[in-house]
Amino acid sequence: MKSLIILISNPEAKGTTEKKIKQACLFLESKGYEVESLTTKERGDAEIFARESVNKSPAFIIAAGGDGTFNEVANGIAGSKIPMAILPFGTTNVLSKELAVPEDVRGALEIAVTRTPKAVSLGRIESPRSSFIPRHFILMAGIGYDGEAVFRINKTLKKFSGKGAYIYSGLRTLLGFRPSELAFDIDGKKYYGYSAIVGKAARYGGNFTVTPDAHPADPALYVCLFHGGTGRDILRYVLGISVKKHLGFRDVKYLKAENIEISGNAHVQIDGDYLGTTPVRIGVTKNIIRLIY
């Protein structure tokens, strides 16, 4: 009896094509697997498909799409013993860069069928006001400027221009950014600032590194807290990140953390998709998924 692999693909991801999905299925079948291919139609489908697929006891589940799709599948399998592999078709493919998974079909699938799954800890975010359902994240949570830029992204533009939509939204947000100060309780200590990146991975937005010590296999969170809130401050932070100098800025605090509470009024994104608004509580769920890389 052939082992089952379930392939969950997002056709809205910039690099997804029917040809690539067919190529993936043929490759897996040539390795002796039975393949069930599921295609999402709207946001949330990948998580539903993954959760339902766990009951079929597949050898593993492949998430084909971008970081948002990977996030959904990870949330769907969280707490199960079913491993997850990735097939990167997204705009920035941050997770594939973090894990050194090739962005071509054959290269990514070779890793999926030959590597041993590893236990991975995920970030966990919830709202004290229950304004959104608690979720896990693989890469990062962005609060403040970062969250607002994702909130303002034009979905149609994102579909056709990919990274261009993020850049355009970032510039637009920069011009009108008028934040209120946020309070951060980080492992019992109080801090104040206007924006933050809570990293579960080193990379951000492609090959930029905001929280360089973070890694999905590490159960810790790393917080990059920005104390400045003006447009000039944000531009300086962006330039600092681009040349890996931001952690040396006097108004940037970099901390290793386990539990974070953020109060105030700001937008929040996780793994590149919009989530909601503060207040939020952020922690880690240790060894919650098994990831192949």
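These notebook entries record what I looked up in the structure.

**Entry 1. The model**

I note at the outset that this is a predicted model.

**Entry 2. The nonpolar cores**

I began with the interior. I found that the largest nonpolar core holds 62 residues. The residues with the most contacts inside this core are L7, I62, V73, M84 and L87. I then looked up a second core, separate from the largest one, with 25 residues. Its members include F132, L182, V268 and I270.

I next asked which residues L7 touches, not counting residues up to four places away in sequence. The list runs to I21, A24, C25, V35, E36, S37, L38, I62, A64 and L87. I62 and L87 therefore appear both among the partners of L7 and among the residues with the most contacts in the largest core.

**Entry 3. S9 and L28**

I looked up S9, which is part of strand β1. Is S9 buried or exposed? Its relative accessible area is 2%, so I recorded S9 as buried. Leaving aside neighbours within four places in sequence, S9 is in contact with I21, L38, T39, T40 and A64.

I turned to L28, which belongs to helix α1, residues 18–30. L28 is buried, because its relative accessible area is 0% and the cut-off for buried is under 20%. When residues up to four places away are not counted, L28 touches I5, Y33, V35, I62, L109 and V113. I checked L109 further: L28 and L109 are 81 residues apart along the chain, yet their C-alpha atoms are separated by 7.8 Å.

**Entry 4. Helix α2**

I listed the buried residues of helix α2, which covers residues 45–54. They are D45, A46, E47, A50 and S53. In general, residues three or four places apart in an α-helix point the same way, because the helix has 3.6 residues a turn. What covers the buried residues of α2? The covering elements include the strands β1 (4–9), β2 (34–39), β3 (60–65) and β6 (135–137), together with helix α3 (67–77).

**Entry 5. The second largest pocket**

I recorded a volume of about 290 Å³ for the second largest pocket. Its lining consists of 15 residues. R43, E47, N71, R135 and L275 lie nearest the centre of this pocket. Two or more lining residues come from each of α2, α3 and β17 (273–277). Helix α3 gives the largest share, four residues. By type, I noted five nonpolar, four polar and six charged residues in the lining. E47 links this entry to the previous one: E47 is a buried residue of α2, and E47 is also among the residues nearest the centre of the pocket.

**Entry 6. Strand β13**

I asked how many residues of strand β13 are buried. Six of the six residues, 221–226, are buried, so the strand is largely enclosed by the rest of the structure. In a regular strand the side chains alternate between the two faces of the sheet. I sorted the residues of β13 by side: L221, V223 and L225 are on one, and Y222, C224 and F226 are on the other. Both faces are covered.

I then looked up the strands paired with β13. Strand β10, residues 195–199, pairs with β13 in the antiparallel sense over five bridges. In this pairing G199 stands opposite Y222. Strand β14, residues 252–257, also runs antiparallel to β13 and is joined to it by six bridges. Here L221 stands opposite A257.

**Entry 7. Backbone details in loops**

I looked up two residues with a positive phi. Phi of D187 is near 50 degrees, although D187 is not a glycine. D187 lies in the loop between β8 (182–186) and β9 (189–193). At 41% relative accessibility, D187 counts as partly exposed. Phi of D271 is also near 50 degrees. D271 is in the loop between β16 (267–270) and β17. At 4% relative accessibility, D271 counts as buried.

I also found a cis peptide bond between T278 and P279, with omega about 10 degrees. P279 lies in the loop between β17 and β18 (280–291).

**Entry 8. K245**

Last, I looked up K245, in the loop between α9 (231–242) and β14. K245 is exposed, with a relative accessible area of 55%. K245 and G123 are 122 residues apart in sequence, and their C-alpha atoms are 25 Å apart in space.

Conventions
Residues numbered from 1 in each chain as written. Predicted model: local features only at pLDDT ≥ 70, side-chain atom pairs only at ≥ 80, totals over all residues. Heavy atoms only, no water. Core = buried A, V, L, I, M, F, W, Y, C linked by side-chain atoms within 4.5 Å. Buried < 20%, exposed > 50% of the residue type's maximum accessible area, 1.4 Å probe, protein only. Contact = heavy atoms within 4.5 Å. 1 Å grid on protein atoms, 1.4 Å probe; cavity = no way out; pocket = protein on both sides within 12 Å on 5 of 7 lines; lining within 4 Å. Points joined across faces, edges and corners; volume = space filled by probe spheres on them. Nonpolar A, V, L, I, M, F, W, Y, C, P; charged D, E, K, R; others polar. Pairing = 2+ DSSP bridges.
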